[in-house]
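Please take a moment with the sequence and the model below before reading on. The paragraphs that follow walk through a few of its elements in turn.

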Amino acid sequence: MSNRQVDTMQPGRRRFLKTTALGAAALPVAALGAGAAASEVGTGGVKLPPSILALTSVKPQIVPITDDERRGRLARAQELMGRSGIDAVYLDGGTTLDYFTGMRWWTSERLMGMLLPRSGDPVYVVPAFERSRALEQIRFGHDVRTWQENESPYALVAQAMREKGAGTGVLGIEDKVPFFRSTGLAQAMPQVRLVPATPVTAGCRAIKSPAELALMQVACNATLALYKAIWQGLEPGMTQQHIAAWVEAGYARMGLKGDASINVGSYTAQPHGSREPQVIREGTPVMLDDGCYVEGYMSDLTRTFTLGKASDKMKRVFDIVRKAQQAALAAAHPGATMESVDAAARKVIADAGYGPGYTYFSHRLGHGIGMDMHEWYYLVQGNTRRIERGMTFSDEPGIYIPGEFGVRLEDDMHVTADGAHWFTPQSPSIEQPFG
């Protein structure tokens, strides 16, 4: 990634290793869901340890986002459109549409989207045969326009733009709208100027409300509880397939869905690990990474630990990374530049002999997180954007020594008026990662 493009890059989601990629089949949730009788066997006949079986549902802790909050989001978006000189914003199905409306609709080759004008209610454009399914979810506005398979949906968007007095205006396009869709919109309304909608979409989504922070807290707590349960059950000789089954079973018992990647030994020196088969052994480092969803909101945590004794070098590297993570937290406060937070962690690592630059700490410090695991904005050199109250980020420094091992510690943090705070307690040591 170019450091100079961090504010305009499309948000991504680190999904390098999913549990499904580790050889696990679909988990029978009915057998392991909240309230079901405890099963000692998970996916593929893998035995579940007592620590996984002890996990319980978090659903009583979950308070969904209200329609009143979403109305406020729509109003805020229209306010930002006015400030940015944008007459309307087009959203495809996906995370941002869910954020503003609660609609769970994922994009395909058929246009289903929402046009939000600078004032007034949204306009929805949907395939005619999907109208009834769309109406089941639409709660804001009543203007639903349909198109048949032999008609152009782009013409309907263009017509709506003209009706809103923006036929020669500015249309903001959300980041994740496919290029072919943007091209179709541009061809249907050549007098309209298409611009990124990021000042509006990120302007809303990057600042989290108390309700959003509460959901992220539940997600982070759940992931940490699962990691601890996995650590408590691990034994030498286990493989990634064992852990994949435990992850699925553990999250299912909590009433959630999530993923985890696990890498062992020298593979921990690769920040996103490897697909190669790996076996957990006494005294070798283990890196556990990823998160879960709670009402659409994400967690993203990493713990690095050993079973039994770690070498002195592993302990020393762990302590350096831990101090770097603390330095980043202290540097993340309202008004600080995003690159300064990365620099604070990187200085600790370089001063300890693991520099310069990206030599051993080979990635940015962190990313925004919320409804997408990776979203606006990025804690990376070159990003001079100022941190604001309500922003949330991962804080994940690492040291990766090729051919030997790596250590990464990752907790998510939220920024308040008096500085940043982690959702989860920092890992205390490589041998006792959960205290």
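**Strands, a helix and some buried residues**

In this predicted model, strands β1 and β2 pair in the antiparallel sense over five bridges, and within that pairing Ala 88 stands opposite Pro 117 in β2. On to the next strand: β2 also pairs with β3, which covers residues 123–127, again in the antiparallel sense but over three bridges, and here Gly 113 has Val 125 of β3 as its bridge partner. Strands β2 and β3 form a hairpin with five residues between them, and Gly 120, in the turn, has a positive phi of about 90°.

Strand β2 itself, residues 113–117, is mostly covered, with five of its five residues buried. In a regular strand the side chains alternate between the two faces of the sheet. In β2, Gly 113, Leu 115 and Pro 117 point one way while Met 114 and Leu 116 point the other way, and all are buried.

Helix α7, residues 179–188, can be read in a similar manner, for its buried residues are Arg 181, Ser 182, Gly 184 and Leu 185. Seen down the axis of α7, these buried residues fall within an arc of 160°, so they line one face of the helix. Phe 179 and Gln 187, on the other side of α7, are exposed. The buried residues of α7 pack against β1 (88–92), α6 (153–163), β5 (170–173) and β6 (193–196).

Further along the chain, Trp 246 is found in helix α10, which spans residues 240–253. Trp 246 has a relative accessible area of 2% and is therefore buried, the cut-off being under 20%. Leaving aside residues up to four places away in sequence, Trp 246 touches Val 46, Lys 47, Leu 48, Pro 49 and Ile 52, as well as Leu 226, Ile 230, Gly 233, Leu 234 and Met 238. Between Trp 246 and Asp 92, by contrast, there are 35 Å in space, C-alpha to C-alpha, and the two are 154 residues apart in sequence.

What does a search of the whole structure find in the way of disulfides? The search finds zero. Cys 292 is in no disulfide, and the nearest cysteine sulfur, that of Cys 220, is 7.8 Å away, whereas a disulfide would need the two sulfur atoms within 2.5 Å. Cys 292 counts as buried at 0% relative accessibility, and Cys 204 likewise counts as buried, at 3%.

Lastly, Asn 383 lies in the loop between β14 (375–379) and β15 (392–395). This loop residue, Asn 383, counts as buried at 1% relative accessibility, and its side chain reaches the backbone nitrogen of Arg 385 at 3.1 Å.

Technical notes:
Residues are numbered from 1 along each chain as its sequence is written. This is a predicted model: local features need pLDDT of at least 70, side-chain atom pairs count only at pLDDT 80 or more; totals for chains, interfaces and linings use all residues. Side-chain values use heavy atoms; hydrogens and water are left out. Helices (H or I, at least four residues) and strands (E, at least two) are DSSP runs, numbered from the N terminus. Buried means under 20% relative accessible area, exposed over 50%, partly exposed in between (1.4 Å probe, protein chains only). Contact means heavy atoms within 4.5 Å. A polar contact is a pair of N or O atoms within 3.5 Å; within protein, one must be able to donate a hydrogen and the other to accept it, and residues adjacent in sequence count only if both atoms are side-chain atoms. The arc is that of the directions from the helix axis to the C-beta atoms. Two strands pair if DSSP finds at least two bridges between them.
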